[in-house]
Amino acid sequence: MTWPEVHAALEAGYTTVIIPTGGTEQNGPHAILGKHNFVVARTSKQIADTLGDALVAPVVTYVPEGDVGATPTGHMQWPGTISVPDSVFEQLLEAAVRSFAVHGFDEILLIGDSGGNQAAQSRVAAAMTRELAPAGVVVQHISDYYDKNGQVAYLENLGFDQDLIGTHAGLRDTSELLFVKPDEADRTPLPVPSGWHSGFDGQPDLASSEIGEALIQLKIDAALAQIHHLRNAR
């Protein structure tokens, strides 16, 4: 959008903005580093379209992924991952929130597709709401998108157990990516170098675009339900 388009949208009542956060992290030898960014871009657009009064900010692609010191931790143990400290991530979100508030957005929604983003977003939402409340601005961390989306129960109902589902770059993540970016999730993986962990668990070879579509919709539905609940409570 150009700035006059954003101005016109604000004048037309689009006073909600979604700030999506993703991440640039290893996802095994079969899925690209930017998985979360593609997923949250897709879900945020659909959430905004359904709300009918929201715009979507550019995805925040650099997030906390582990320590970068002499002994890297978390996803920083694998090449290609990019990490920033929690404090930097929080300061970036705070600056973005203030930027949108200055221009007239009065509801700012933080939606994170990665587990490592959730606690910082919660802290930022609380702090920024306290700061900006006198101006009538509310900042919400939409936690149900990630924490209460019902994906595991859905997959278990399909007959997958936790070992098959996994926790990272497995059945869930790979299915989502197959749906939103199929050309980036169906590669012939390079062999894992000797002495390296693959970087994923679960069974990504069981993933499908059809499962991914259902999982994506669960995230969207969970976010929309929470947003409507928060709006009704105000």
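The largest cavity in this predicted model is lined by Ile165, Gly166, Thr167, His168, Gly170, Leu171, Arg172 and Asp173. About 30 Å³ of space lies inside that cavity, and a search of the whole structure turns up 1 cavity of 30 Å³ or more. Sorted by class, the lining of the largest cavity comes to 2 nonpolar, 4 polar and 2 charged residues. Helix H8 gives the most to this lining, with 3 residues.

Ala169 does not appear among the lining residues just named, but it deserves a look of its own. Ala169 sits in the loop between H7 and H8, and its phi is near 55°, a positive value in a residue other than glycine. As a rule, most residues other than glycine have a negative phi. Is Ala169 buried or exposed? Its relative accessibility is 1%, so Ala169 counts as buried.

H8 itself spans residues 171–180 and is mostly covered, with 9 of its 10 residues buried. The buried set runs through Leu171, Asp173, Thr174, Ser175, Glu176, Leu177, Leu178, Phe179 and Val180. What does the covering? The cover over these buried residues includes helix H2 (35–51), helix H6 (151–157), helix H7 (162–165) and helix H9 (209–233).

One of the buried H8 residues, Leu177, also serves as a marker for how the chain folds back on itself. Ile32 and Leu177 are 145 residues apart along the chain, yet their C-alpha atoms are separated by 9.0 Å. Ile32 belongs to the loop between strand S1 (16–21) and H2. With a relative accessible area of 13%, under the 20% cut-off, Ile32 is therefore buried.

Strand S1, on the other side of that loop from H2, is a good place to pick up the strands. Of the 6 residues of S1, 6 are buried, which means that the strand is largely enclosed by the rest of the structure. In a regular strand, side chains alternate between the two faces of the sheet. In S1, Thr16, Ile18 and Pro20 point one way while Val17, Ile19 and Thr21 point the other way, and all of them are buried. The crossover from S1 through H2 to S2 is a right-handed β-α-β arrangement.

S1 has two strand partners to report here. S1 and S2 run parallel and are joined by 3 bridges, with Thr16 standing opposite Ala54 in S2. S1 also pairs with S3 in the parallel sense, over 6 bridges. Within that second pairing, Val17 has Ile108 of S3 as its bridge partner.

From S3 the picture carries on to S4. Strand S3 (residues 107–112) pairs with S4 in the parallel sense over 4 bridges, and Leu110 stands opposite His141 in S4. Helix H4 (residues 118–132) joins S3 and S4 in a right-handed β-α-β unit. Strand S4 (residues 138–141) is covered on both faces. Val138 and Gln140 are buried on one side, and Val139 and His141 are buried on the other.

Val68 makes a handy contrast to these covered strands. This residue lies in the loop between strand S2 (54–56) and helix H3 (86–102). Val68 has a relative accessibility of 59%; the cut-off for exposed is over 50%, so Val68 counts as exposed. Which residues does Val68 touch, leaving aside those up to four places away in sequence? Its contacts are Met76 and Ser83. As for Ala222, its C-alpha atom is separated from that of Val68 by 34 Å, with the two positions 154 residues apart along the chain.

That leaves the open space. The largest pocket has a volume of about 450 Å³. Its lining is made of 21 residues, and Gly28, Pro29, His30, Pro79 and Leu190 are the ones that lie nearest its centre. By class, the pocket lining divides into 12 nonpolar, 7 polar and 2 charged residues.

Key:
Residues numbered from 1 in each chain as written. Predicted model: local features only at pLDDT ≥ 70, side-chain atom pairs only at ≥ 80, totals over all residues. Heavy atoms only, no water. Buried < 20%, exposed > 50% of the residue type's maximum accessible area, 1.4 Å probe, protein only. Pairing = 2+ DSSP bridges. Right-handed = clockwise from strand over helix to strand, strands pointing away. Contact = heavy atoms within 4.5 Å. 1 Å grid on protein atoms, 1.4 Å probe; cavity = no way out; pocket = protein on both sides within 12 Å on 5 of 7 lines; lining within 4 Å. Points joined across faces, edges and corners; volume = space filled by probe spheres on them. Nonpolar A, V, L, I, M, F, W, Y, C, P; charged D, E, K, R; others polar.
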